Amino acid sequence: MSLIRDLSTPALVRSGLIGGLATTSGVALTATSGWLIVQASTMPAILTLLVAIVCVRTFGIARPVLRYVERVHSHDAALASLAERRVRMYDALVPLTPARLGRRSRSDVLTSAVRDLDDVVDAQVRVVVPLIAALTAAGVAIVATAVLLPAAGLVVAGVVASMVVSAALALRAESSSQVAGLEARAAASRVGALVTSNATDLQAIDAEADALRWLAAAHSEVRRTAGTAGRIRGLGLAWQQLTTAASTAGMALVVAPAVGTTVSGPVAALLILTPLALADATTTIPDAIGAWARARAADGRLSELLSQEPAVKDATGATSRDDGAATDDGGPPASLGGSVRVDQLVTRWHPSRPALPAVTFDLAAGQHLAITGANGSGKSTLLAALGRHIDPEDGTYLLGGTDVLDMPLVTARGAIALVDDEPHLFSSTLRENLRLARPAATDEEIEAALADAGLQVWLAGLPERLDTWLGSGGRGVSGGERARIALARALLSGRPLLLLDEPVAHLDHATAVAVIADLTRTSTDRTVVMVSHRSDGLDGFDRVVDMTELQEPRPPG
Amino acid sequence: MRPFDPRLLRAVPESRRGVGALAALGVIAGSLAIAQAFTVTSLVVAVVGGMPVRPSLLAVVAVLTGRALVSATTEWVAARAGARVSTALRERLLASWLTRPADARPAQAQALTLATTGATTVEPYVARYLPALVAGVVLPVLAVGTLLLVDWVSALVVVVTVPLLPLFAALIGKATEDATARRWKTSASLAGHFLDVVRGLPTLVGYGRAQRQARTIGEVSQRHRRATVETLRIAFLSSAALELLATLSVAVVAVSVGIRLANGSMALHTGLLAILISPEAYWPIRRVGAEFHNAADGAAAADQILAELDPAPGPVPASPTVRETPRAASTTPYRVRVEHLGYTYPGAERPTLEDLTEDFPQGLTVITGPSGAGKSTLLEILAGLRHPTSGTVTAPHAHLVTQTPFLTAGTVRENLTLGASQPTDAELDAALDAALDAALDAVDIRAVVTALPDKLDTQLGDAGFGLSAGQRARLALARALLAPAPMLLLDEPTAHLDEDSVARVHALITTLAQDRVVVAVSHRAELVALAEHVVTVHPAPAKASR
């Protein structure tokens, strides 16, 4: 309920009430039509029917018109609320980025967060408005029928009570069935993606049958959960219609004895048709309950993501707001050198994970260090600490001779450029994609950075040069080009320490070797630390060590 | 787009039962809706006329209970059919792709969309749109038919006005087509902005540019709101117009009924019946429109998947690959040969391989050449994973170890037996384990596996134990060793290995080459020295005339 209250902005409640009038018009249209037909059959003077005819016409026109107003109004309100929530979510995500977004596939985590927010806000239009509208119409119906015949009001109240109970039950059932259903579909999608993107590698080892077996297993779960969800929806629908049956019967039983005494024939027709008309007006409820359950699950996931503590604290003791005027003008921070001195540095990715063995090494400014090692040996965690994405648990980390904990986070991060294995290209021009690393950069500097990253030939082949549009809706780039653009961005930033987290993990051997060779050749004036699970193509590095070598305890004394 | 594509029933026989059941349930539901009008009319007439209500009351309850059962069943059947059809489509699609060479499959991005969200969106298409379509066809027909028997004047009004609904829908759609398309485009590009910025958040944070994006997000979201509401206004206006049209049509029926009732030329029972039945001819049509709009993605996805499943998609290979069937006697050497082989990647301007003629004799052949010369492509062609653009290939069935060998997040055992088609018999387990151990031993990784917590049953991958690139490469070689294929193709088999292991693996490769055809791509001079035959490929020269 708290989610619904949270989503019910004044504009939305207004929309709901307008929707309620539209629904009421629909119910009134059917009921008054019944009255009119029966009244007409008594062959009165046509004039006596005029008021009712006007009413029927008004209700008939009011329903679509009010519905239109409600839909425009509610969508506008929901989109306004979406705009506001997006800014709020973005602000909350910034201090959690990147360390609290998981270690890999961060863009998947971020994509789900955006989709979840859409689902939450979707509930404004699909849950809040229909529920307010249905309750409004039901309330009007209770009062109107009670005025005509008190017992009839009770019958309609019974309908409402039954609907509320079924909605509560459906919400509970839907919540669990939807989670299972979404998980099953996501798992099937994952298998589909795995098989599609590895089709050639699977064919190469004759594993087609294995792949189809995994898919079949995931699919049988999809079918099972879909069946369960269908049963729950079906039961909800059946409950609604049985309620209509019971209330129509109840209405007939309370109205019949009163005909001719307290109610006229035409009013009797009106009353008997009311439960049926209400049923037609409330067919959207099961869908609304489904959307409610979906929004609730999405809201839960978002809260869990956004309520995390940031992984780094600022030197001032305040929680990180990582931006600042210091780097916004784009000039390379001249104050810090690129030397790195790490002494008995203990890190852990998250308080719930075990701490990694202490690491010690020393790197003069301009030196290139490659760290290899198996997955899970702590390479990426070390790099996250070097990049000031997580705070060290113990030990010291001197950057340019100063302890990073003694300097503002902005200063430390302003000296570091990090390239990981999933660099993002924004939907913008090539120029803007690079310039975000240094807004003051000239076209010549940008082209020089691209050349240093080995993209001179590629750039020369682009008809629109730096104005080429990249990202979604733009020019497609290969994995190698993407990695190189990210490197060019890092080179352009002019930051003295360059950290590379498996930058070529997804590239084939030849491309990976070429990218790394270009990098070590052109970044002679800055310190480079690269972690990689592959040990090939590291000839250009001053030092290549295995993670375990760094973790060896220092000899005593 | 057609309302329903019968190809679905042909391509996915599993869909027949569900679609058939939905059609039958739709007819029953439609009949019950008409029956409801009759029983409710009787009930109202009985109450108004002071007649006994019990018979018509029981009839109303019976019909409504029947409707409850039918709609519950429909919902259940529809959900099951949706899941069945969408999963069957995905299975057919992937099965089809796995039998095709890489160049006869669609581009990766498009393939991924179809195999993931594409197949999933078919579910609501079947589960929600199809039942609405059935109701949209059945109910208006039943309603008009019944009205003809009850009151032909009302039937006439309905028959004249019902076609106006789709007509108006089409006219409105036509009139607003350009405006809608233009606005959707604006709206879609603005909608993508937030996702783009959020996905790029790690980059923005890294370069200290995150904070200043917050204001842009607010502004773009407001622009998106305005653009979307403008688009929706058109959509809502047209649906309001259709609803008004339907209401007015029923009102015309009501007026004619009212006049005849008031001048006594019609019985109450008939008039009420006509009034209750006529709306049943209009709303199902409007619902089809609404559900079709929601299911449009699913319909488009189903269309694309069915097109993929049609026989002979993509380019027909210029020259078929000759596959030699496995022979019983392994003493006869296999003949492996490429003649005038050429290969051009789809969409590429220049060929990767051109006019290559080579024999790959029994024993070890090493392919060398500069990067980009098409060495990996040649291996994929020998393995039958790509069709040559020109020339012929003669080769037996092969096991190819690619540069990024596929390892699943399963156990070591599962990874080693990938592709070993028969599920293993419990009694053979011991023998199998011995074979697995021997293979692991041959690639110098047995000690590593023995040290794992659950040995062969240790889970690998993100959730389990991490392997270094060298260990992964050796695991893939062990798997190749276990494969029954008469030809082994190895792409850079020792690129990730340290110097100690390289010699050991090279020795293993020569052993393997004693009774199989082994073709390896390698930069290593040591392996070239061990080869019986060396093939050097050069990048295809750029053509002067293009």
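Okay, let's start with one word: "buried" here means a residue with under 20% relative accessible area, "exposed" means over 50%, and "partly exposed" is whatever falls in between. Keep that handy. And please remember that what you're looking at is a predicted model.

So, chain A. It has 557 residues, and buried ones make up 55% of them. In terms of secondary structure, we've got 18 helices and 9 strands in this chain. What about the outside? Chain A exposes about 22100 Å², and 59% of that comes from carbon and sulfur atoms. Now take the contacts in chain A between residues at least 6 apart in sequence: 80% of those join residues at least 24 apart.

Right, on to salt bridges. How many does a search of the whole structure find? Over all chains, the count is 33. I'll walk you through a few.

Let's begin inside a single helix. Arg88(A) pairs up with Glu84(A), and their closest N and O atoms are 3.1 Å apart. Both sit in helix H3 of chain A, which covers residues 50-93, and they're 4 residues apart, so about one turn of the helix. Are these two buried or exposed? Neither, really: Arg88(A) has a relative accessible area of 48%, so we call it partly exposed, and Glu84(A) is partly exposed too, with 48%.

Next one, still in chain A. Arg465(A) and Glu447(A) meet through their side chains, with 3.5 Å from N to O. Where do they sit? Arg465(A) is in the loop between helix H15 (456-460) and helix H16 (479-492), while Glu447(A) belongs to helix H14 (residues 443-452), so this salt bridge ties together parts that are 18 residues apart in sequence. Arg465(A) is partly exposed at 34%, and Glu447(A) also counts as partly exposed, at 29%.

Over to chain B. Here Glu14(B) forms a salt bridge with Arg92(B), and the closest N and O atoms are 2.9 Å apart. Glu14(B) lies in helix H2 (residues 14-48) and Arg92(B) in helix H3 (residues 54-98), so the pair ties together parts of chain B that are 78 residues apart in sequence. On accessibility, Glu14(B) is partly exposed with 30%, and Arg92(B) is partly exposed with 30% as well.

Last thing, and it involves both chains. Which residues are linked in a network of salt bridges? From chain A there's Glu174(A), Arg233(A) and Asp287(A), and from chain B there's Arg128(B) and Glu291(B). Have a look for them in the structure. Okay, that's me done, thanks!

How values were computed: Residues numbered from 1 in each chain as written. Chains lettered and ligands numbered in written order. Predicted model: local features only at pLDDT ≥ 70, side-chain atom pairs only at ≥ 80, totals over all residues. Heavy atoms only, no water. Salt bridge = Lys/Arg side-chain N within 4 Å of Asp/Glu carboxyl O. Helix = DSSP H or I, 4+ residues; strand = E, 2+ residues; numbered from the N terminus. Buried < 20%, exposed > 50% of the residue type's maximum accessible area, 1.4 Å probe, protein only. Contact = heavy atoms within 4.5 Å. Areas by Shrake-Rupley, 256 points an atom, 1.4 Å probe, with all protein chains shown as cover.
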